Amino acid sequence: NIFVIEKKKTELYQELGLQARDLRFQHVMSIATRNNRIIMRMEFLKAVITPEFLLILDYRNLSLEHWLLNELASQLAGEGQLVTYSLPFEFRAIEAILQYWISKLQGRLNTLQPQILETLEALVDPKLLSVDRSKLHILLQNGKSLSELETDVKVFKETILEILDEEEVIEELCLSKWTDPQVFEESTSGIDHAEEMELLLENYYRQAEDLLNEARELRVLIDDSESIIFINLDSHRNVMMRLNLQLTMGTFSVSLFGLIGVAFGMNLESSLEEDPRIFWLVTGIMFLGSGLIWRRLLSFLGRHLDPPLPPHVPAALKKSQPAAGRVDIKTSLKGETFGLSRSTLTNQ
């Protein structure tokens, strides 16, 4: 049965037997017990669990109508991930809230993952000579969202781990064990509610651990892709620098042999300008000399900038080495051929 009530805060905590600070809204994550009540804070979601009912505070401000009307009822009826229908009500209530929160975290990861993979695939494309700044901006936003998700999952894990490390707290979470004598008799006859509660919390701890591992793998993929992007940018920058250097060398070569044309262009009289073949001869010497000097400079640049070739490995060394026994036998045969004794070979 799901219904809505509106009460003042003072009336509510008096009826529940709690303090005002217990109903204070804080954006933290915690699971605590107070006066046979379980108070669960999942950041914006706050709930109070008793052996009889589950109270969600200010659900309208959190847009929880869909979850309350369509999913919560079936989970409280025992249709959750774990088979908790034979256990008391507080088990199903705790499971419903934990399942809602882990599903919300998983949904955030499922939304981020395809966006990040699509952006990374566009950024590391080798056909692109430049990096799209809009893609980098999208990747920055998604990386920030991923960091926030990792923080939320870590807090969720730590909250459950704190309870798993305290046996007394696990015992206090089993409310019906202390209020219902029949439940206590069942627990003493073979059903340990504390162990069931520990298994319930451990199940969601493992889910949070798996979720965190997926987020970490996505973070590693982003870091690796950023390294590839930086390497590609460095490679393009090196190509541009090398092209600039080659053009500078060409300009130097042309300027060097251009001095011949400068000399002939001076207002000096000689007998050479009267010969019509001198112009083509000087021009050819200039272009030929500039080309040779540029070619020599480019070969010098190639020897000093290109990576050296790997050393040649003989074919005999590429084969696998024989076993140790075979080496000893061959050495002994070689020693006997040259007249050496076996003792000498052994000492060697």
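Me: Between helices, under 35 degrees is roughly parallel, over 145 roughly antiparallel, 65 to 115 roughly perpendicular and the rest oblique. Which is it for H2 and H3?

Reply: Oblique, because H2 (residues 65–76) and H3 pack at an angle of about 135 degrees. Their axes are 9 Å apart (lines fitted to C-alpha atoms, for helices over the stretch in contact; angles run 0 to 180 degrees between N-to-C directions). This is a predicted model, where local features need pLDDT of at least 70 and side-chain atom pairs pLDDT 80 or more, while totals for chains, interfaces and linings use all residues. Numbering starts from 1 along each chain as its sequence is written, and side-chain values use heavy atoms, without hydrogens and water.

Me: Which residues of H2 meet H3?

Reply: Trp67, Leu72, Gln75 and Leu76. On the H3 side they meet Phe89, Arg92, Ala93, Ala96, Ile97, Gln99 and Tyr100, contact being heavy atoms within 4.5 Å.

Me: And by class, what does that contact of H2 with H3 hold?

Reply: Eight nonpolar residues, two polar and one charged. Asp, Glu, Lys and Arg count as charged; Ala, Val, Leu, Ile, Met, Phe, Trp, Tyr, Cys and Pro as nonpolar; the others, Gly among them, as polar.

Me: How do H3 and H8 cross?

Reply: At roughly 10 degrees, with the axes of H3 (residues 89–123) and H8 (residues 193–264) coming within 11 Å. H3 and H8 are therefore roughly parallel to each other. The residues of the H3 contact with H8 are 21 nonpolar, six polar and three charged.

Me: What about residues 194–228, how much helix is there?

Reply: That stretch is 100% helix and 0% strand, and its end C-alpha atoms lie 51 Å apart. Helices (H or I, at least four residues) and strands (E, at least two) are DSSP runs, numbered from the N terminus.

Me: Switching to the sheet. What order do the strands take?

Reply: E1-E2-E3-E4, four strands in an open sheet with antiparallel pairing. E1 (29–33) and E4 (54–56) are the edge strands, each pairing on one side only. From one strand to the next, the twist averages 10 degrees.

Me: How many bridges join E2 to E3?

Reply: Five, between E2 (residues 38–42) and E3 (residues 45–49), which run antiparallel. Two strands pair if DSSP finds at least two bridges between them. As one of these cases, Ile38 has Ile49 in E3 as its bridge partner.

Me: Which strands does H3 touch?

Reply: E1, E2, E3 and E4, since packing puts H3 on the sheet. The direction of H3 makes about 5 degrees with that of E2.
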